[in-house]
Amino acid sequence: VLPTLKIEASARTEKMLAQTRARVLEGDDLVMWSEAAVLVKGEQEEKELLQRVQSLVGRGVPTNGSFVGFTYVLETTPKNGSSVLSNKFTLVTPGGSVAWRYTKSHPVPFLETTVPGPATIPVYDSPKLGRLGGAICMDMEFPYFMREAGNAGVDFFLQPSNTWASLGLWALRAESWRVAENGFG
């Protein structure tokens, strides 16, 4: 898991991509970014980031190489001029295709101003890692939501998060229950 870096946005993106490239070259099966690792301004920048991640892994064959789960906050500005933020998690396969694009469904109340995405767990069948599922941080605190992953037969659940101080230990305990309750690892 690559940590969230507290540096200027474009430098942060370059640092995350460089660290991802290093892990891919080392042959890691899975490289994950922490929640909201970078800020992406607009859909064009989002598209460019996706293409750059795909170029890191796209040389592999679908059953050999690295999966990359990258995360970002997408800032868009609709015609009314107010910024809209979305907390995103995209999983790219070893062959460079997109397994899923997910938007956090349960932002932290009173702390996150992101727009929630649909409450649907993404699932991807991988011959290498089994059935993958994913969500972001606070999403895992909702048993009814995590039950979707259990019902879908998820083998391996990916959950980027950005927790702080003592909240991290509380979240770890709660998330351990979600895993046990739903039978995925």
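This report walks through a predicted model, from its confidence to its cores, its small sheet and a few notable loop residues.

## Confidence

Let's start with how far the predictor trusts its own work. The chain has a mean pLDDT of 87, and 84% of its residues reach 70 or more. Confidence peaks in β5, at 98. At the other end of the scale is helix α4, residues 167-182, where the mean of 69 is the lowest in the chain. It is worth keeping that contrast between β5 and α4 in mind while you look around the model.

## Two nonpolar cores

The largest nonpolar core brings together 20 residues, and Met-146 and Phe-157 have the most contacts inside it. Four elements each supply at least two residues of this core: the strands β4 (84-92), β5 (98-103) and β8 (156-158), together with the helix α3 (143-151). A second core, separate from this one, holds 18 residues, including Leu-56, Phe-70, Tyr-72 and Val-92.

## Helix α3

Helix α3 deserves a visit of its own. Its buried residues are Phe-145, Met-146 and Ala-149. Viewed down the helix axis, these buried residues fall within an arc of 90°, so they line one face of α3. One of them, Met-146, is the residue we have already met among those with the most contacts inside the largest core. Just after the helix comes Gly-153, with a positive phi of about 75°.

## The three-stranded sheet

Next, have a look at the open sheet built from three strands in the order β6-β7-β8, with mixed pairing. The edge positions belong to β6 (123-126) and β8; each has a single partner strand, so one side of each lacks a neighbour in the sheet. From one strand to the next, the twist averages 25°.

The mixed character is easy to follow pair by pair. β6 and β7 run antiparallel over four bridges, and a hairpin of three residues joins them. β7 and β8, on the other hand, pair in the parallel sense over three bridges. Leu-132 makes a handy landmark here: Tyr-124 stands opposite Leu-132 in β7, while Leu-132 also stands opposite Phe-156 in β8.

## The loop between β7 and α3

Is Asp-139 buried or exposed? This residue sits in the loop between β7 and α3, and its relative accessibility is 0%, so Asp-139 counts as buried. Leaving aside residues up to four places away in sequence, Asp-139 touches Tyr-102, Lys-104, Ser-105, His-106, Phe-145 and Met-146. Two of these partners, Phe-145 and Met-146, are buried residues of α3. The C-alpha atom of Asp-139 is separated by 8.8 Å from that of Ala-119, a residue 20 places away along the chain.

Cys-137 is found in the loop between β7 (130-134) and α3 as well. With 7% relative accessibility, under the 20% limit, Cys-137 also counts as buried. Its backbone is worth checking too, as Cys-137 has a positive phi of about 40° although it is not a glycine.

## Another positive phi

One more backbone angle rounds off the tour. Ala-36 lies in the loop between β1 (30-32) and β2 (38-41). Here too the phi is positive in a residue other than glycine, with a value near 55° for Ala-36.

Key: Residues are numbered from 1 along each chain as its sequence is written. This is a predicted model: local features need pLDDT of at least 70, side-chain atom pairs count only at pLDDT 80 or more; totals for chains, interfaces and linings use all residues. Side-chain values use heavy atoms; hydrogens and water are left out. A nonpolar core is a set of buried Ala, Val, Leu, Ile, Met, Phe, Trp, Tyr and Cys residues joined through side-chain atoms within 4.5 Å. Buried means under 20% relative accessible area, exposed over 50%, partly exposed in between (1.4 Å probe, protein chains only). The arc is that of the directions from the helix axis to the C-beta atoms. pLDDT is the predictor's confidence in each residue, from 0 to 100. Two strands pair if DSSP finds at least two bridges between them. Axes are lines fitted to C-alpha atoms, for helices over the stretch in contact, and angles run from 0 to 180 degrees between N-to-C directions. Contact means heavy atoms within 4.5 Å.
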